[in-house]
There are 4 protein chains.
Amino acid sequence: MEYQHILEEIHTTLQNSPQKGTVASYIPELGKVNADHLGIYLFTLDGKEYGTGHFDIPFSVQSISKVLSLAKALDFVGTDLWKRVDVEPSGNPFNFLTLLELEKGIPRNPFINAGALVISDILLSHLKNPKEDFLNYVRELAEDSSISYNEDVAASEKATGYRNTAAANLLKSFGNMEHNVEDVLDFYFYQCSLSMNCRQLARTFYVFANSGKNVSGKTFLPPGLVKRINAIMLTCGFYDEAGEFAFEVGLPGKSGVGGGIVAVLPGNYCISTWAPGLNEKGNSLLGMQALEMFTTKTKLSIF
Amino acid sequence: MEYQHILEEIHTTLQNSPQKGTVASYIPELGKVNADHLGIYLFTLDGKEYGTGHFDIPFSVQSISKVLSLAKALDFVGTDLWKRVDVEPSGNPFNFLTLLELEKGIPRNPFINAGALVISDILLSHLKNPKEDFLNYVRELAEDSSISYNEDVAASEKATGYRNTAAANLLKSFGNMEHNVEDVLDFYFYQCSLSMNCRQLARTFYVFANSGKNVSGKTFLPPGLVKRINAIMLTCGFYDEAGEFAFEVGLPGKSGVGGGIVAVLPGNYCISTWAPGLNEKGNSLLGMQALEMFTTKTKLSIF
Amino acid sequence: MEYQHILEEIHTTLQNSPQKGTVASYIPELGKVNADHLGIYLFTLDGKEYGTGHFDIPFSVQSISKVLSLAKALDFVGTDLWKRVDVEPSGNPFNFLTLLELEKGIPRNPFINAGALVISDILLSHLKNPKEDFLNYVRELAEDSSISYNEDVAASEKATGYRNTAAANLLKSFGNMEHNVEDVLDFYFYQCSLSMNCRQLARTFYVFANSGKNVSGKTFLPPGLVKRINAIMLTCGFYDEAGEFAFEVGLPGKSGVGGGIVAVLPGNYCISTWAPGLNEKGNSLLGMQALEMFTTKTKLSIF
Amino acid sequence: MEYQHILEEIHTTLQNSPQKGTVASYIPELGKVNADHLGIYLFTLDGKEYGTGHFDIPFSVQSISKVLSLAKALDFVGTDLWKRVDVEPSGNPFNFLTLLELEKGIPRNPFINAGALVISDILLSHLKNPKEDFLNYVRELAEDSSISYNEDVAASEKATGYRNTAAANLLKSFGNMEHNVEDVLDFYFYQCSLSMNCRQLARTFYVFANSGKNVSGKTFLPPGLVKRINAIMLTCGFYDEAGEFAFEVGLPGKSGVGGGIVAVLPGNYCISTWAPGLNEKGNSLLGMQALEMFTTKTKLSIF
């Protein structure tokens with residue numbers, strides 16, 4: 001079956017779904033988004049692209065940005081990074097401090113918030129103009145200079161980010177944060193506020209499907225690093241539902257509370273979805289369904 | 001490079017490794033094994049096979065058997081199984097009861113001991129002669145009637161299995177066990193005592209590399225089920241080190257405290273290793289290194 | 001005000017209470033008891049006694065027996081006992097295994113079930129005929145040979161005691177149990193099945209109000225030991241509600257799921273209550289209220 | 001035996017003790033104190049007072065101040081306070097956030113740091129000039145206007161108080177903090193920085209031995225409140241060692257990481273000790289020994 005047809009079939013089925021999940025409201029600015037949006041976009045490695053629904057409306061990528069900051073940080077410090085963050089699934093919701101305390105300030109993996117804060121701390125040590133440089137990195141990956149931060153979202157998250165502030169202070173108390181808590185949080189909230197549409201998102205993550213090369217073939221990451229980042233996406237990319245996603249979808253991927261998901265089949269394709277309603281674990285409800293339908297219909301997963 | 005050559009290269013490198021880990025001693029019978037054994041065996045889906053080292057000496061597969069009992073149980077009850085066991089990584093060592101209590105008797109996944117006990121309970125409801133029927137299932141998968149239980153190992157584990165008995169009673173207290181604790185444990189210890197060599201193990205798991213068909217092309221499982229079992233192997237197959245294995249090796253696989261590991265690249269190959277010395281997480285130290293070297297040298301992983 | 005009058009006033013107020021709690025049903029035999037019973041009994045150290053309500057109907061003392069087995073075990077092994085059990089409040093419900101696992105098999109205190117199982121294990125090492133000898137000890141304390149076990153209750157608990165069996169096996173796995181799991185559980189269930197009425201219960205615990213001497217002045221325990229056992233009753237005697245009891249009542253005491261409570265004001269009095277309905281923490285609802293009213297009306301608490 | 005003689009005997013024994021514990025260093029300013037100090041002071045309710053050693057050298061009372069802020073807050077809001085803080089022992093070290101997260105922002109008791117932060121938040125709502133008013137309250141209890149804050153200690157704690165900042169943010173995220181995190185922490189650090197010598201400390205806490213009246217007979221608290229605060233001191237006053245203190249000493253009391261301890265026998269006496277070296281649970285090593293010796297020698301405890 002042809003890809004465009006499959007995407008449209010999935011879109012048609014899901015846009016009439018009676019249950020669309022709940023739009024995240026803990027960041028007030030995110031709560032304003034309409035739950036009826038649904039977009040899907042697909043890049044295949046043979047150079048073709050396919051889209052359906054609201055694939056060109058920008059949304060807040062939130063935690064999806066953690067993959068990009070991890071990639072950049074690994075670029076700078078290599079395997080030394082793993083002295084400060086582990087690579088095991090967390091077995092707990094995305095904002096749980098308990099494990100961090102039990103494990104003495106070494107976050108379980110770079111995709112729980114505490115782990116991403118350590119990554120931000122590392123980037124602050126290596127980027128001259130952190131916000132600007134990180135944005136440029138993303139723009140270069142996607143070859144799209146229109147990608148930008150949403151400062152309202154960043155400000156909204158900053159004003160209510162008590163749990164992240166708690167996590168950052170706990171990391172600091174364990175000696176796993178070099179910079180000021182305020183500076184790390186500020187940079188972290190900016191990264192999360194990155195705004196992209198489905199097409200831009202899939203373009204950006206193309207590098208993880210293509211052994212480290214972006215859509216134009218420009219090399220950004222060595223293949224060994226891409227393999228490892230994909231492994232972490234698979235085991236840790238969906239908060240407390242990583243097993244479920246691997247089980248139902250069977251692709252390395254990453255979700256964000258803005259309702260976006262991006263996933264790759266290495267050597268084959270990169271796909272992104274956006275549907276703002278979340279399930280109770282904090283992942284896009286329709287997005288997960290769309291990807292499950294896609295890998296089932298195409299029989300193209302890693303397993 | 002040719003596979004046989006790669007296997008031998010890995011074997012040569014590792015057999016002289018100064019650190020070989022520690023042979024499991026909590027089951028007295030297992031503690032008698034010599035730590036110097038090292039075997040590797042590879043089946044490719046184009047019908048070829050390659051072996052090196054002690055690939056023909058049988059060992060106790062222990063937890064590796066959990067994949068086979070899961071497959072058989074899924075065959076019987078289908079997705080109903082997931083009402084009694086979850087599919088999320090446990091984020092804790094293999095014998096930890098805490099999570100089981102916190103989550104009210106629903107084991108995190110079918111590969112932690114508590115989960116495997118529930119699977120055994122399910123099989124007891126559906127197999128006429130459980131021990132015999134399960135053994136026959138394994139023999140048919142491998143097409144090898146010489147595979148058998150090691151009753152000394154089963155007896156040894158039974159005599160010292162206080163933690164498993166604790167887990168079984170906790171499951172019973174939560175109403176997640178239908179049969180008698182004694183019967184479930186007895187059947188479980190027998191499964192774990194399955195004895196195979198590397199070649200037999202790789203033959204048996206060929207079905208997970210080959211979309212549900214065994215070495216002779218006989219269908220045992222539907223492809224959708226194989227995909228899901230592979231997903232669980234990837235996210236939960238290595239106790240508290242599943243992330244590390246996905247990260248370093250990048251294959252769905254399963255380890256046992258007898259020192260065995262088996263892993264598959266769907267559509268491509270099935271590989272098994274045996275080295276009795278374990279690392280501190282309870283996985284074969286040299287086995288993990290061998291598989292990491294194999295996927296790095298061949299560039300053949302799922303990521 | 002005169003004591004008899006106070007007890008009757010409390011009884012009148014509470015017997016019409018619209019909320020009487022829920023009779024424990026997890027031990028089937030206990031579930032048969034009528035929730036309307038309410039008895040109170042008071043011994044003062046000047047040799048007087050006062051009773052009201054159903055103070056002469058026997059009930060199952062359950063966990064209250066743990067104080068008596070602790071006293072007997074301390075008699076045998078002295079402070080060596082504290083190498084195997086701690087004296088800190090558990091901060092968790094009475095049947096929680098999590099802490100036991102985290103703390104490697106050293107129960108938090110002798111009044112959580114795991115702790116009482118270790119005490120039973122100790123007594124098995126020192127009593128010739130454990131069940132008989134323990135019963136005689138209690139009869140001598142109370143000077144009442146009519147006190148006995150309720151074998152139906154013991155059998156009922158044995159048949160459904162999966163959580164206690166889990167705890168015992170966990171203790172065994174950590175090496176903190178010398179005897180067979182079955183023997184320890186059997187003895188433990190017998191102790192819990194001790195049947196007494198309020199008057200017998202208050203007579204038995206008189207020793208903890210009277211520096212170690214019973215109602216006839218016979219010495220059973222040295223004063224230093226009594227002080228310490230009273231301290232443990234205060235900090236650990238009410239499962240997850242020890243703080244609440246100290247706060248509202250202000251007396252060392254111990255409750256059981258049979259609905260009994262016994263408490264002492266050292267140097268002053270010993271009081272017992274029985275009301276089978278439990279609050280959500282597993283303590284007698286009306287019993288706690290009766291004792292709170294008693295210490296408030298008499299202004300006689302330790303604080 | 002006469003009290004002065006007992007105190008001197010204890011002092012002589014302990015000042016030559018080879019093990020004096022470790023002076024707290026996590027607040028840099030506290031780390032400067034000499035570990036050789038040892039002071040004891042006793043007020044009896046018949047109007048006499050006794051002292052020995054360094055009883056007149058001021059030290060940082062730290063967590064001991066939590067009892068005074070609790071008393072003041074109860075004065076303002078009464079039993080409403082218990083909607084925001086529980087009264088159960090924490091069963092965990094004094095700076096553990098895990099329980100706070102598990103119990104959704106309701107601190108286990110008012111003496112763990114999270115609980116004291118909620119108390120500070122309450123006081124901020126009712127005191128006009130919080131720091132000044134609280135200091136005046138303490139001065140009036142002790143009738144000593146020379147008592148003051150140590151601003152260096154407050155500043156030192158503020159600069160390194162990452163764990164307290166984490167706790168405050170976690171409370172805020174659960175909606176259990178009305179004021180700004182910064183304001184609550186600032187006030188909290190000031191309270192902890194209260195500086196007193198043993199004599200002043202015992203004078204201040206006299207109110208808890210004397211049913212709510214201070215040394216001059218002026219009423220500060222109703223007897224019912226005093227009873228309850230004493231109960232909380234007994235069950236929660238010593239971090240993870242409350243059981244041990246009740247067990248060995250048998251008095252309601254409170255310790256601080258500055259090395260101070262104060263304890264009362266209601267209706268009888270108030271005693272304070274100061275020895276800066278702490279045991280591994282964070283309580284004054286020699287102070288606990290001194291009080292154990294005192295209640296053993298005098299046979300005057302609540303049990």
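**Exercise 1.** Are A:R84 and A:D121 buried or exposed? Determine this for the predicted model, then state what the pairing of the two residues joins.

*Solution.*
Step 1. A:R84 and A:D121 are both buried.
Step 2. The two residues form a salt bridge, with 2.7 Å between the closest N and O atoms.
Step 3. A:R84 sits in the loop between α2 (65-77) and α3 (98-102) of chain A, while A:D121 belongs to helix α4 (residues 113-126) of chain A, so the pair ties together parts that are 37 residues apart in sequence.

**Exercise 2.** Which chains and helices does the salt bridge between A:R228 and B:E248 link? Classify the accessibility of each partner.

*Solution.*
Step 1. The side chains of A:R228 and B:E248 meet at 2.7 Å, N to O, in a salt bridge.
Step 2. This pair crosses between chains, running from helix α10 (residues 223-236) of chain A, which holds A:R228, to helix α11 (residues 242-248) of chain B, which holds B:E248.
Step 3. Buried means under 20% relative accessible area. A:R228 has 17% and is therefore buried.
Step 4. B:E248 has a relative accessibility of 22% and therefore counts as partly exposed.

**Exercise 3.** How many residues apart in sequence are the parts that the pair D:K281 and D:D240 ties together? Describe the surroundings of D:K281 as well.

*Solution.*
Step 1. D:K281 and D:D240 form a salt bridge whose closest N and O atoms are 3.7 Å apart. The cut-off for such a pair is 4 Å.
Step 2. D:K281 lies in the loop between β10 (277-278) and α12 (285-298) of chain D, and D:D240 in the loop between α10 (223-236) and α11 (242-248) of chain D, so the parts tied together are 41 residues apart in sequence.
Step 3. With 30% relative accessibility, D:K281 is partly exposed, whereas D:D240, at 10%, is buried.
Step 4. The C-alpha atom of D:K281 is also 8.5 Å from that of D:F238, a residue 43 positions away along the chain.

**Exercise 4.** Which residues form a negative surface patch, and which helices supply at least two residues each?

*Solution.*
Step 1. The patch is formed by A:E182 and A:D183 together with D:E182 and D:D183.
Step 2. Helix α8 (181-192) of chain A and helix α8 (181-192) of chain D each supply at least two of the patch residues.
Step 3. Patch residues need over 30% relative accessible area. D:D183, in helix α8 of chain D, has 41% and is partly exposed.

**Exercise 5.** Where do A:Q62 and A:E143, two residues with positive phi, lie in chain A? Compare their accessibility with the cut-offs.

*Solution.*
Step 1. A:Q62 is not a glycine, yet its phi is positive, at about 50°. For A:E143, also a residue other than glycine, phi is near 50°.
Step 2. A:Q62 is in the loop between β4 (59-60) and α2 of chain A. A:E143 is in the loop between α5 (130-142) and β5 (148-149) of chain A.
Step 3. A relative accessible area of 2% makes A:Q62 buried, while 38% places A:E143 among partly exposed residues.

**Exercise 6.** What confidence values accompany the model, and what is the mean pLDDT of chain A?

*Solution.*
Step 1. The model has an ipTM of 0.88 and a pTM of 0.89.
Step 2. Chain A has a mean pLDDT of 93, with 98% of its residues at 70 or more.

Conventions: Residues numbered from 1 in each chain as written. Chains lettered and ligands numbered in written order. Predicted model: local features only at pLDDT ≥ 70, side-chain atom pairs only at ≥ 80, totals over all residues. Heavy atoms only, no water. Patch = residues over 30% accessible without salt bridge, like charges linked within 9 Å, V, L, I, M, F, W, Y side chains within 5 Å. Areas by Shrake-Rupley, 256 points an atom, 1.4 Å probe, with all protein chains shown as cover. Lys, Arg positive; Asp, Glu negative; His and termini not counted. Charge placed at Lys NZ, Arg CZ, Asp CG, Glu CD. Helix = DSSP H or I, 4+ residues; strand = E, 2+ residues; numbered from the N terminus. Buried < 20%, exposed > 50% of the residue type's maximum accessible area, 1.4 Å probe, protein only. pLDDT = per-residue confidence, 0-100.
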